[in-house]
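Biologist: I'm new to this one and would like some help reading it. Could you take me through it feature by feature?

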Amino acid sequence: MSQVKIHPSWQKVLSEEFEKEYFENLTQFVKKEYSVKTIYPEGKNIFRAFELCPFEDVKVVIIGQDPYHGPKQANGLCFSVNDGIALPPSLQNIYKEIETDLEVTRPTKGNLDNWARQGVLLLNATLTVRANTPGSHQKQGWETFTDAAIKAISNQKDHVVFLLWGKYAQDKGAVIDRSKHHVLTAPHPSPFSAHSGFFGCKHFSKTNNYLKAINEKNIEWIDL
């Protein structure tokens, strides 16, 4: 994974992780998988969340679980898909909530690069997956690595908004220092749970209200 891109700020923050035995084992596992299986996202996009959103710019963190496992969907950012790809159900529901929360016309394309460039870290817990096999790269070391990233944000930054949707993200957010960060929780935007409280959570306006209160620029959620 030495050829993939990651912003220098994250290289510095996570330098100790790259030297640990688990990460070396993870690297060997991922390299082998790419050589014999169809793996998503493309290798160059594995760390794309860290490439587009430097550590010093992080204002909001959204935690996903696995990359999309269908053809041409995963692009290295959780919930995001490449231009020209049909919107997955969870992203459709995220857009529905943006529409009602902010009283705007919902976006039609699913590429969330612009969120990342505004300081939204779109972080999957596991950064790679086999085609058509959700969960296939879990428990290989990715969760340890992404836990370290979350801990670094919690420990080294202040006043970050964490959006934790669903039990998995909420459990992963257990390491966040609630005394200095703003944590918002809701059910997952999946069609199976969105009607249980994701719809109406108003996380997008609440995020911007918090950022305004601490004199930070808000996130343009529909400027895609």
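Biologist: Let me start with a single residue, then: which residue of E5 is the bridge partner of Val61?

Modeller: In E5, that partner is Phe162. Keep in mind as we go that this is a predicted model. As for the general idea, strands of a sheet pair through backbone hydrogen bonds, either parallel or antiparallel. In this case E2 and E5, the latter covering residues 161-165, are parallel and share 3 bridges.

Biologist: And what is the bridge partner of Val61 in E3?

Modeller: There the partner is Leu121. Strand E3 spans residues 120-124 and runs parallel to E2, with 5 bridges joining the two.

Biologist: In what order do the strands of the sheet come?

Modeller: Read it as E3-E2-E5-E6: an open sheet of 4 strands, paired in parallel. At the edges sit E3 and E6 (182-186), each of which pairs on one side only. On average, neighbouring strands are turned by 20 degrees against each other, with direction ignored.

Biologist: Now the strand E2 itself. Is E2 largely enclosed or not, and why?

Modeller: The cut-off to know is that buried means under 20% relative accessible area. Strand E2, residues 60-64, has 5 of its 5 residues buried, so the rest of the structure largely encloses it.

Biologist: How do I read the two faces of E2, and which residues sit on each side?

Modeller: In a regular strand the side chains alternate between the two faces of the sheet. For E2, one side has Val60, Ile62 and Gly64, while Val61 and Ile63 are on the other. Every one of these residues is buried, so both faces are covered.

Biologist: Which strands does helix H9 lie across?

Modeller: H9, residues 203-213, lies across E2, E5 and E6, and its angle to E5 is about 165 degrees. A handy residue to look at in this helix is Lys206.

Biologist: Is Lys206 buried, exposed or partly exposed?

Modeller: Lys206 is partly exposed, and its relative accessible area is 40%. If you leave out residues up to four places away in sequence, Lys206 touches Leu184 and Cys201. You can also look at Lys206 and Val161: they are 45 residues apart along the chain, and 9.5 Å separates their C-alpha atoms.

Biologist: Let's turn to empty space. What is the volume of the largest pocket?

Modeller: The largest pocket comes to about 600 Å³. Its lining has 27 residues, and those closest to the centre are Gln65, Asp66, Tyr68, Ser90 and His188. Two or more lining residues come from each of E2, H5 (89-102) and H8 (167-172).

Biologist: Which element gives the most to that lining, and how do the residues divide by class?

Modeller: H8 gives the most, with 3 residues. By class, the pocket lining has 13 nonpolar, 12 polar and 2 charged residues.

Biologist: How many cavities of 30 Å³ or more are there?

Modeller: The count is 1. About 30 Å³ of space lies in the largest cavity. Its lining residues are Pro41, Ile46, Pro67, Gly76, Asn124 and Leu127. In class terms that gives 4 nonpolar, 2 polar and no charged residues.

Biologist: Pro41 is in that lining. What is the peptide bond from Tyr40 to Pro41 like, cis or trans?

Modeller: For this, read the omega angle. From Tyr40 to Pro41 omega is near -5 degrees, and the bond is cis. You will find Pro41 in the loop between E1 (39-40) and H4 (48-52).

Biologist: One last backbone angle: what is phi of Lys72, and where does Lys72 lie?

Modeller: Lys72 has phi near 65 degrees, a positive value in a residue other than glycine. Lys72 lies in the loop between E2 and H5, and it is exposed, with a relative accessible area of 65%.

Biologist: And what is phi of Asn215?

Modeller: Asn215 is not a glycine either, and its phi is positive, at about 65 degrees. Look for Asn215 in the segment after H9. Asn215 counts as exposed, at 75% relative accessibility.

Definitions and conventions. Residues are numbered from 1 along each chain as its sequence is written. This is a predicted model: local features need pLDDT of at least 70, side-chain atom pairs count only at pLDDT 80 or more; totals for chains, interfaces and linings use all residues. Side-chain values use heavy atoms; hydrogens and water are left out. On a 1 Å grid over the protein atoms alone, a cavity is a set of points where a 1.4 Å probe fits but cannot get out, and a pocket is an open set with protein on both sides within 12 Å along at least five of seven lines; lining residues have an atom within 4 Å of a point. Grid points are joined across faces, edges and corners, and a volume is the space filled by probe spheres set on the points. Ala, Val, Leu, Ile, Met, Phe, Trp, Tyr, Cys and Pro count as nonpolar, Asp, Glu, Lys and Arg as charged, and the others, Gly among them, as polar. Buried means under 20% relative accessible area, exposed over 50%, partly exposed in between (1.4 Å probe, protein chains only). Two strands pair if DSSP finds at least two bridges between them. Axes are lines fitted to C-alpha atoms, for helices over the stretch in contact, and angles run from 0 to 180 degrees between N-to-C directions. Contact means heavy atoms within 4.5 Å.
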